[in-house]
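Me: Could you take a close look at one part of this model for me, the disulfide, and walk me through it?

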Amino acid sequence: MHLVAESFVPSLWRSTASQTCLWRSLLIAVASALLPMSAVADFRLGDDVIPTFQAIELEIDAGQSDYRGSVRIELDVQRATDHFRLHSEGLTLGKLVLRSATGEVAVRHEAESDEVVRVTADEPLVPGAYSLGIDFTNPFDTTAISLYRMEKDGVGYVFSQFQADDAREAFPCWDEPRFKFPYQMTLKVPEAHLAITNTPELEATVADGWRTTVFHKTPPLPSYLLAVAAGPLEAVPMPGLGVPGRLITVQGQSHLTQLAREATPAILKALEEYFGRPYPYAKLDFLALPEFWPGAMENPGAVTYADRILLLDANSASVSQRRRQAGVIAHELAHMWFGDLVTMEWWDDLWLNEAFATWMGDKVVHQVWPQFGLDVSAVERAQGVLRQDARSTTRAIRKPVDSAKNLLDGLGLTYQKGRAVLSMFEQWLGPDVFRRGVVDYINEHAWKNAVAADLWRALDKASGKQTSAAMATFTDQPGFPLIDIEVLEGGRIRLTQQRFRNHGSPSPDKTWKIPVTLKYPTADGIEQTTVLLDSAVQVVDLGDDAPAWLFPNGSADGYYRWRLPAAPLRALAADASSVLTPRERVELIGNVSALLDAGSIHGDQYLGVLGELADDAEPLVISSLVGALQRVKGALVPVDLEDAFAGYVRRTLRPAFDRFGMQKVAGESEAVSLVRPTLYDWLGREGRDPEVLAAASAMADSFMKDPSSIDPALAGVALQLAAIDGDRKRFDTYVRRLEAAESPVGRRLFLSALGSFRTPEIQQMALSYALHGELRPNELIVPSRTIAATAAGRETTYRWLIENLEALSSRMPPMFIGFLPRFAGGCSLERLEHAKKFFADHGPHAMKQVKQVAEQVHDCVSLRDREGAAVARYLTGDAPVQ
């Protein structure tokens, strides 16, 4: 599953335009509270009776509000028992029949809980084969989970999203990933409709206006990977895959499939080469869904995507959109092997599923399209998760899961920390050795379940190193290390590790086994040495003389922070552009930001270092620099310093903006096209640069007349900057254009811009429209996300939230709701205290989120108290405001 940051409430201290990376600051939570401890023991189904095959028949008319179905489940009774349990949530069960080889078995059934049905036999069941048949009816869901119905332009469609535990809301089943066996789907739909599931059609019949399609059996799958789609869908062939492939859209959208169809074969080929085996399923359909809360879902043979990711206009798609599309496709297709072919036994290894697909997706996209710079952007994303992981409320990425209801909590940490840790260990072991271990793991566990320890053992065997012991220190405990570097005589350095802590954090100390890569100059050139720091202190010999400079995270793959004395750090920063790669320069910026959080450098020093790095010629390094400036904006720039900060922003970023140019030119690198919108946003929104604002307003007006008249990469930022001082007329125009948009991307452009208006009255109109306008459940929080980019906007959106929580909760996908306490984030202790009281009655999960928000707020306030005066002096005395 691919989660997209824009689908959720953002980190409220980060600007809107700096969220162009898919994963940046992704934090996600679910609505349901944890099960009480007394229920944990019975949460998972037993092993006395296990399913070996399930046939599912569904009668679906996408024009109706409900459906009917039946299941036939072949069972293996492994031990004598008088009862067994299965999942069924919210379904109306009809006839239930259990049969053995000798005939019908007398049973009765009852709801054991909201999600579990208990089937009890009059006489104990003897070991052997049985068949369970159940008829049922059910309304379609309307919040984009389970088997749900939606409308587009007045036409109904049915789609599914079953991860993590929502298959049980669609049909009776054994809804746990360890139950992995073949299924066979039969779908009965109106004759004019198309029906789709994971496998190709086996046979179809038409009678009385209905088409009944029997599909081929699936290979072994868990229930959460099943897929269903039905309605008047359009299908476009996707050639070049080695198996039949199609791209499926709702009516009127199939003309937007070209770029996805062209990108997919190269991605699939690269993955097949890495894993050393072909794509493992009989077909590959991509489905573009208008109403879909994740970014994508890896259902084998029927991968589902949010339509705004998959459907791009080939004539106007920006580099950022094409890069995002490629990244999401690669992530989902990596799951075909890692997650689908080999499936986690239980949800406590979901982190590995998602971390591996993220790591593999980045790797493949960089291999196929190196011009996208995804290798550099991956380092920038890692900086965001390191900031999150520095807090005392962080958690280990591998954690016990005793309820799927809190499964997605902290999944942003899971994706990006897991990806970074895998990259670090690949660099330590070597890419070829790491790949050999991965391929051995896939081959051994194909079509079965596995646990993380199985992969670690394969890597141990392939490398001859104790990978598993070192890896566990990063996966099984929270936080990460800080490595202090001390230069000794005779070319030796002392490495000392401790837990990285934000200033004043009470986090307990821990130790890690850390692959540390040291980069330094010698008489023969630049050398790079990797050592395993497996004790609190270790001395490393680099040669006869102390190096002129030392970079303690060579290749920028290490998941740790480092601290050099002031003089070596200045020397490194001075030579960074000539001795460090772009990835390493991005890591340097992130590390300096972390030292500010830790209290190791002061705010004025921080701004000075950022100013020196602003001359970097690499666009993606400048993008990272903008992210570092956000650290200052969020905590250290109160209202009375906004003018001085605007001047600093112009002095720091305008030279890069002028180097790269206000408009795209023929032959420019794609990295320039990627960073230009960010520079527009920051110089316009924070720098208040009149020339930039005027250019953005002119582009917005031109776009409204003719979307093809401007660089598509600048359309979104132009619309948003033009809205800052926009009036009611512009707002109404944006709403009309949103509702009339013919493409998912066009709709999202105007939807995001609705929150950019700064006039309080229009902000209230935007929030009212979010609640009462023509928005889908997964779109409701998008305008508020943009409004919350300012301090005043954060307060506005928080008040709107608490006043409308019940109405929002009734319309949003359930997994969004538990995330809402994060609206209290920022730098306001008063708002935090209100949130603590308000959410106290909303269950333990909500309070867990409030606790995490509280640490962020206290960190922000602490940084402001500690460094606010120094930053104020720097900004007001550095130079006259331009």
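Reply: Sure, here's the bond itself: Cys827 and Cys860 are linked by a disulfide, with an S to S distance of 2.0 Å. For the term, a disulfide here is a pair of cysteine sulfur atoms within 2.5 Å. The structure holds one disulfide, and the torsion about the S-S bond of Cys827 and Cys860 is about -110°, so it's left-handed.

Before going on, a word on where this comes from: it's a predicted model, where local features need pLDDT of at least 70 and side-chain atom pairs count only at pLDDT 80 or more, while totals for chains, interfaces and linings use all residues. Residues are numbered from 1 along each chain as its sequence is written, and side-chain values use heavy atoms, with hydrogens and water left out.

Now, what does the bond hold together? Cys827 sits in the loop between helix 25 (814-817) and helix 26 (829-838), whereas Cys860 belongs to helix 27 (residues 844-877), so the pair ties together parts 33 residues apart in sequence. Helices here are DSSP runs (H or I, at least four residues), numbered from the N terminus.

As for burial, Cys827 is buried, at a relative accessible area of 14%, and Cys860 counts as buried too, at 7% relative accessibility. Buried means under 20% relative accessible area, using a 1.4 Å probe and protein chains only. Cys173 is another buried cysteine, with 0% relative accessibility.

Terms used
Helix = DSSP H or I, 4+ residues; strand = E, 2+ residues; numbered from the N terminus. Buried < 20%, exposed > 50% of the residue type's maximum accessible area, 1.4 Å probe, protein only.
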